[in-house]
Amino acid sequence: MHLPLYLSKVSAGFPSPAEDYLADTLDLSRHLIAHPAATFIIRAKEQSLIGIFDDDILIVDKSIKPICGKIVFVSIEDQFLIKRLHKKLNGKPILQSDYCAAIEVNNEIYILGVVIYVIHPV
Amino acid sequence: MTLFALVDCNNFYVSCERAFNPILEGKPVVVLSNNDGCIISRSAEAKKLGILMGAPFYQCQDFCKKNNVFVFSSNYELYGDMSQRIMTLLRQFCPDIEVYSIDEAFLVLDGFMHQDFSLFLTDIREKIKKFTGIPVSVGLGPTKTLAKAANYLAKNTSGVFDLCDVNQQEKILSEFPIERLWGIGSKLSRRLKKYNIHNAKELRDSHPKMIHRHFGVMTARVIEELKGISCIPLDSIQPRKQIISSRSFGKAVTTLNDLEEAISNYAATAALKLRNQQCVTGAISVFLQTNRYREQDTQYSNSVTFTFPVPTADTSYILHAAKKCIKHLYRKGYRYNKAGLMLLDLTPISIFQFDMLAKSNPQKSELMMETMDKINHFMGKETVFFCAQGIQRPWQAKFEKRTSRYTTRWSELVKVV
């Protein structure tokens, strides 16, 4: 956390319209993480979705509702995976990957949270 | 009228392991104390198998293997971090929470205008499960003692229980076992039964002066609390299996120096309690916070958990760890109003010493225990005690079966494919 900084000292005279907001130092974790208590950090291994690479940092928020189109963090048997959540034409939810076949969601699959950011070093 | 809600995590350490390993759901799981000594947490399935709390692991190792019980070493960094998340979420429901132990907190509901609290209690339970994966039970009552009783009932029913209604209390307290009451242990309940007091209602209706004379002021206070009169301060009854030492500051504290001094006092107090209980501690959790009610102050609330490489009862070691933790938590520019520490993973010294000596040769463990007892008996209790304290060898405590510290170490994050 950072304390706010005033842009300029308070002084007598006509106030300028540009001086009436508080700037803050740029705190990345505060900016990215809306619900710290529900947010967990995981690491990608190998490629499973386009744009997410080996060793990328993934920020997972458990407070967000997993809905169609979201990238979700799931547990299937003893593996952790990230997949895109979608609905089949019959309304049943499925987990899509860009590199392998889709999986239908069933009782053995636990959706553990929604991926909200990918941090990829360049 | 002020009400209290007690929120308590179900089988907390096991639940933390399950949150990061869903295949453990529905399976028998246990977590072991420092040095993989004793069972300190069991899943419902493990309880059903008959595995006892506090059982030395070497005694049930084969049983666990035969029954496919999942066994884990304790992972206090993870548990401490998960605890902090839960306490943060609870503060969103009620700004005035009193953290009672690593997995329990009282919400002090002052001025809440709800008539039907059931939705409020269920919301708490559901939000914590959704946001952290940890199942909790919530009990509501006009006093802490009744909230604790309600929590016990919640665990065995739907997960929430409201014990505020006086009429409902009559029936429930008449069936409530006294040894399950806060502040009444099994020893005290055996004595009370001799006086024909078998349940909470009978205790509540007994003569307060008689109880005070024969059982002391604490038990007399339990009677008042059962009647709905709040009179037991939080720090007068220690949680099981932990030692808590903390205080709210009279005046806001802003310097690291003052905080180190305060935490040193709490550490010394806790270490003394530890030695009085003849135990060693395997981990310490330190917390620091600002005054929630001073909205003009920037808010900060944080905690850190440190696992001792070798469990200890040594004041200077505990003090050093506490100061290191508070320094880690300290941020300049905040007005702190409360700090404290918890000593976790308590093991009786006798079991700890036995562990350290027996690890090399489990077959001979019974003989070693007998020999040690004989030495203690013949030469005085301090003999083997000093011996163990002197052996500060680089015997790293065993954590073979510990899961990763998923939420506190960059090198140990969950990896996905």
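Tutor: Let's start with a term: a salt bridge is a side-chain nitrogen of Lys or Arg within 4 Å of a carboxyl oxygen of Asp or Glu. Keep in mind that this is a predicted model. Across the interface of chain A and chain B, that rule finds zero salt bridges.

Student: How many residue pairs are in polar contact between chain A and chain B?

Tutor: Seven residue pairs are in polar contact, counting those with both residues at pLDDT 80 or more. On the side of chain A that touches chain B, β1 (39-44), β2 (57-61), β3 (71-76), β4 (79-87) and β7 (109-119) of chain A each supply at least two residues. The largest share, six residues, comes from β1(A).

Student: What makes the side chain of B:K130 a polar contact partner of the backbone oxygen of A:S63?

Tutor: The side chain of B:K130 reaches that oxygen of A:S63 at 3.0 Å, and the cut-off for a pair of N or O atoms is 3.5 Å, so the pair qualifies. B:K130 sits in helix α5 (residues 118-132) of chain B and also touches A:K62, A:I64 and A:K65.

Student: Why is B:K130 called partly exposed?

Tutor: Its relative accessible area is 38%. Buried needs under 20% and exposed needs over 50%, so a value in between is partly exposed.

Student: What is the area buried between chain A and chain B?

Tutor: About 2400 Å², with carbon and sulfur atoms giving 67% of it. In chain A, the residues that lose the most area to chain B are A:A37, A:R43 and A:F80, together 25% of what that side buries. The contact takes 30 residues from chain A and 24 residues from chain B.

Student: Back to salt bridges: what makes B:E45 and B:R18 one?

Tutor: Their side chains meet at 3.0 Å, N to O, and the rule asks for within 4 Å, so the pair counts. B:E45 lies in helix α2 (residues 44-48) of chain B and B:R18 in helix α1 (residues 12-19) of chain B, so the bridge ties together parts 27 residues apart in sequence.

Student: Which of the words buried, partly exposed and exposed fits B:R18, and which fits B:E45?

Tutor: B:R18, at 13% relative accessibility, counts as buried, as the limit for that word is under 20%. B:E45 has 26% and counts as partly exposed.

Student: How do you know that B:D297 and B:R335 form a salt bridge?

Tutor: The N to O distance is 3.3 Å, and within 4 Å is what the rule requires, so it is one. B:D297 is in the loop between β10 and β11 of chain B, and B:R335 is in the loop between α13 and β12 of chain B, 38 residues apart. B:D297 is buried at 11%, while B:R335 is partly exposed at 34%.

Student: How do you know that the span of helix α13 of chain B agrees with what it should be?

Tutor: At 1.5 Å a residue, its 15 residues (315-329) should span 21 Å, and the end C-alpha atoms are 21 Å apart, which agrees.

Student: Why do the buried residues of α13(B) line one face of the helix?

Tutor: The buried residues are B:I318, B:L319, B:A321, B:A322, B:C325, B:I326 and B:L329. Seen down the axis of α13(B), they fall within an arc of 165 degrees, so they line one face. The face turned away from that side carries the exposed residues B:S316, B:H320, B:K324, B:K327 and B:H328.

Technical notes:
Residues numbered from 1 in each chain as written. Chains lettered and ligands numbered in written order. Predicted model: local features only at pLDDT ≥ 70, side-chain atom pairs only at ≥ 80, totals over all residues. Heavy atoms only, no water. Helix = DSSP H or I, 4+ residues; strand = E, 2+ residues; numbered from the N terminus. Expected span 1.5 Å × (residues − 1). Buried < 20%, exposed > 50% of the residue type's maximum accessible area, 1.4 Å probe, protein only. Arc of directions from axis to C-beta. Contact = heavy atoms within 4.5 Å. Polar contact = N/O pair within 3.5 Å; in protein donor to acceptor, adjacent residues only side chain to side chain. Buried area = accessible area lost by both parts, 1.4 Å probe. Lists of a residue's contacts leave out its neighbours within four places in sequence.
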